[in-house]
Amino acid sequence: MFTLLFLMSLMAYPQVQANFVKDAQTAAKSTLRLVSGAVDQAIGKYQPIPGLIADDPIFRDLLQQTGNNGIAPFVNEKLRHIAGSLGASDIYIMDPSGTTVAASNYRDERSFMGNNFAYRPYFQKALAGEATQFHALGTTSGERGFFFSVPILDGISVIGVLALKVTVELFEGAWSGSPLEVIVADPNGVAFLSSHDDYRLRSLAPLSDGVRARIAETRQFPLNAVTPIPFSANVIAPSAVEVTLGEVGSEIHYLAESEPLSLSGWHAIVLTPLDPITSQAIYALVVWNLATGAIALAALALIQRRARIFERIRVEQTQRDLLEKMVRERTADLDTANSSLRSEVNERKIAEERLRKTQKDLVQAGKLAALGQMSAALSHEINQPLAAVKSYADNAALYIERNRTTEAKANITRISEMADRMAKISRHLRNFARRPGDKLNAIPVCEVVREAMALMEPQLRKSASRITFTPAGTEQWVLGGRLRLQQVLVNIMTNAIDAMEGQSEKLMDISIGSADETIAIHMRDHGPGLKPDALNQAFEAFFTTKDAGAGMGLGLSISYNIIEDFGGKLTASNHPDGGGLFTVELRRAPAEETPSPVQVAAQ
């Protein structure tokens with residue numbers, strides 16, 4: 001009887017082993033989906049972030065104002081806080097030569113500050129204007145990571161590169177407790193991620209000379225470490241394949257399953273050891289033989305053993321069902337997370353559109369706020385000529401009754417002059433309050449300065465302030481928007497008057513300077529000057545040195561963005577002889593767009 005049981009076991013063994021292999025394949029495929037989803041989700045999460053960070057104007061200032069030593073410490077600390085909040089390893093900025101000028105790890109012993117990464121593909125592609133990603137072993141930190149890089153733009157010019165690095169230990173830590181071996185290979189077949197230390201940075205097959213040369217040129221990995229893993233077959237295949245690893249007599253047999261990632265050319269590979277599967281199959285047959293033998297020994301023993309076997313089978317099935325349910329739930333969570341990430345990206349795009357619209361609304365709001373500040377003085381300016389007009393009209397009527405036509409005509413002439421004065425004030429206010437267009441035109445600098453001074457005239461009288469204007473020898477024409485430039489000048493003049501409040505003499509000097517390609521408007525007040533924190537944050541939104549309720553801190557921020565839209569620069573400094581100095585630098589208008597003196601006279 002035992003011989004018969006043995007023969008039946010031999011016949012049943014292939015089918016039993018096939019069932020266990022099938023279960024192992026199902027578990028391996030579930031693990032593959034988890035690994036692929038985790039890597040794809042992490043890449044998708046960090047990919048858009050560098051582009052959002054690089055839009056901060058302070059990075060452009062850092063790369064353009066190389067002599068300003070006060071910007072770099074502020075940028076370093078800002079990058080450190082951003083990296084900490086994102087869970088990124090490092091965030092750093094490189095100039096066009098590839099030298100790191102700011103880094104979140106500036107405090108560390110292995111800081112990137114001053115290191116040159118021009119040999120890295122992520123720097124070269126970003127410098128060419130392309131947002132890209134790259135994976136490599138860090139030459140400074142010695143840590144493996146994914147690098148995401150974007151260009152830093154000034155208009156359409158690339159002036160630097162911002163890179164974000166994410167280390168990979170988090171992925172491998174999640175795989176360490178699994179009985180399966182996990183490998184994630186890049187397009188060159190190098191195992192960039194692995195749950196097994198011996199497989200990391202090794203290749204699935206021998207690399208070609210061209211690939212090795214490319215790795216050496218970009219310093220992606222140390223070539224002495226990139227040795228082939230001695231698999232007996234190609235582990236990247238459309239279906240599961242059996243491979244062996246190790247020397248004869250001590251080789252390990254694996255069942256290899258692979259799946260491509262969303263990253264082009266990347267594959268996730270799961271190696272399931274076959275020896276435990278064989279042991280499970282043999283164990284199942286032994287249990288079956290013992291149970292069958294027990295039937296021949298005693299009916300009671302048979303019932304008890306069968307009950308225990310069925311219970312064990314039910315428990316194993318329950319565990320399998322539970323594992324599959326957990327895999328399905330985890331997959332659903334990953335799908336939900338991916339959907340949420342896509343929604344977040346869409347919301348971010350909508351928010352950017354709203355931000356641009358809000359900026360335009362803030363420009364108009366700033367102008368209306370300036371109009372509000374001037375309203376009291378302007379009402380006085382209009383009431384005076386109105387009172388004079390009434391007086392002259394009454395006198396003219398008396399002169400006409402007395403047949404004194406000469407005096408009546410003189411009064412009517414004065415009434416006309418008063419009407420012209422009120423029309424001039426009304427025209428300036430109407431033009432200043434109008435919502436400007438976005439198109440840039442050639443505009444006369446000196447004329448715009450005079451118009452802004454005319455708008456400020458009531459405020460100047462009310463505050464007992466004076467403005468001296470030294471125009472250029474001839475009218476200078478620049479590219480910009482006439483009304484928006486008026487608002488910038490009015491904002492700066494208003495701030496200057498506020499800065500000199502309480503002084504016995506309130507004086508502001510305005511002069512025009514020119515260069516080959518630019519025209520500069522220098523506006524200096526004779527006040528106490530700007531404090532260090534005001535110099536560093538003058539153009540940040542909602543920063544103000546005024547008392548609560550005296551201002552929102554938006555005027556200079558709006559003015560800064562207006563001048564940037566013109567392709568120019570707005571800077572703040574302290575004059576060597578005292579007082580604050582604001583310089584508006586604008587591009588000179590092309591000769592073909594500048595009106596001739598005859599056309600100007602005709603206008």
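Trainee: Where does Gly138 sit in this predicted model?

Mentor: Gly138 is in the loop between β3 (132-137) and β4.

Trainee: And why is Gly138 called buried?

Mentor: Its relative accessible area is 9%, and buried means under 20%, so Gly138 falls on the buried side of the cut-off.

Trainee: Which residues does Gly138 touch, leaving aside neighbours within four places in sequence?

Mentor: Gly138 is in contact with Arg120, Glu143 and Lys165. What makes those contacts is heavy atoms within 4.5 Å. Take Arg219 as well: its C-alpha atom is separated from that of Gly138 by 8.8 Å, with the two positions 81 residues apart along the chain.

Trainee: What is there to say about the backbone of Arg219?

Mentor: Phi of Arg219 is near 55°, a positive value in a residue other than glycine. Arg219 belongs to the loop between α7 (209-218) and β8 (241-245).

Trainee: Why does Arg219 count as partly exposed?

Mentor: Set its 46% relative accessibility against the two limits: buried is under 20% and exposed is over 50%. The value for Arg219 lies in between, so the label is partly exposed.

Trainee: How do you know that Asn403 gets another label, exposed?

Mentor: Asn403 has 63% relative accessibility, and exposed means over 50%, so Asn403 counts as exposed. Its phi is near 65°, again a positive value in a residue other than glycine. You'll find Asn403 in the loop between α9 (299-401) and α10 (405-433).

Trainee: What about Asp275: why partly exposed?

Mentor: With 42% relative accessibility, Asp275 is neither under 20% nor over 50%, so partly exposed is what remains. Asp275 lies in helix α8 (residues 274-297). Its C-alpha atom is 6.8 Å from that of His253, and the two residues are 22 apart in sequence.

Trainee: Now the rings. How many aromatic pairs does a search of the whole structure find?

Mentor: It finds twelve. One of them joins Tyr92 and Phe117, with ring centres 5.6 Å apart and planes at 50°.

Trainee: Why is the pair of Tyr92 and Phe117 called tilted?

Mentor: Start with the distance: 5.6 Å is within the 6.5 Å limit for a pair. Then the angle: 50° is not under 30 degrees, which would be stacked, nor over 60, which would be edge-to-face. So the pair is tilted.

Trainee: Which parts does that pair tie together?

Mentor: Tyr92 lies in strand β1 and Phe117 in the loop between β2 and α5, so parts 25 residues apart in sequence are tied together. Tyr92, at 0% relative accessibility, counts as buried, and so does Phe117, at 4%.

Trainee: What makes the pair of Tyr122 and Phe147 stacked?

Mentor: Its planes are 5° apart, and stacked means under 30 degrees. The centres are 5.1 Å apart, within the 6.5 Å limit. This pair links distant parts of the chain, 25 residues apart: Tyr122 in helix α5 and Phe147 in strand β4 (residues 144-154). Both residues are buried.

Trainee: Which residues form an aromatic cluster with Tyr92?

Mentor: Phe112, Phe117 and Tyr119 form one aromatic cluster with Tyr92.

Trainee: How do you know that Ser111 is buried?

Mentor: Ser111 has a relative accessible area of 15%, and the limit is under 20%, so Ser111 counts as buried. Ser111 is in the loop between β2 (100-103) and α5 (121-127). A polar atom of its side chain lies 3.1 Å from the backbone nitrogen of Met113. Beyond four places in sequence, Ser111 touches Asn105, Tyr106 and Thr140.

Trainee: What makes α12 largely enclosed by the rest of the structure?

Mentor: Of its 18 residues, 14 are buried, so the description follows. The length of helix α12 (residues 482-499) checks out too: 26 Å is expected at 1.5 Å a residue, and the end C-alpha atoms are 26 Å apart, which agrees.

Trainee: Which elements have the lowest and highest mean pLDDT?

Mentor: Helix α15 (residues 597-602) has the lowest, 49, and strand β1 (residues 90-94) the highest, 96. Where pLDDT is low, the predicted coordinates should not be read in detail. For the protein, the mean is 82, and 82% of residues reach 70 or more.

How values were computed. Residues are numbered from 1 along each chain as its sequence is written. This is a predicted model: local features need pLDDT of at least 70, side-chain atom pairs count only at pLDDT 80 or more; totals for chains, interfaces and linings use all residues. Side-chain values use heavy atoms; hydrogens and water are left out. Helices (H or I, at least four residues) and strands (E, at least two) are DSSP runs, numbered from the N terminus. Buried means under 20% relative accessible area, exposed over 50%, partly exposed in between (1.4 Å probe, protein chains only). A polar contact is a pair of N or O atoms within 3.5 Å; within protein, one must be able to donate a hydrogen and the other to accept it, and residues adjacent in sequence count only if both atoms are side-chain atoms. pLDDT is the predictor's confidence in each residue, from 0 to 100. The expected span of a helix is 1.5 Å times one less than its number of residues. Rings of Phe, Tyr and Trp (its six-membered ring) pair if their centres lie within 6.5 Å; planes under 30 degrees apart count as stacked, over 60 as edge-to-face and the rest as tilted.
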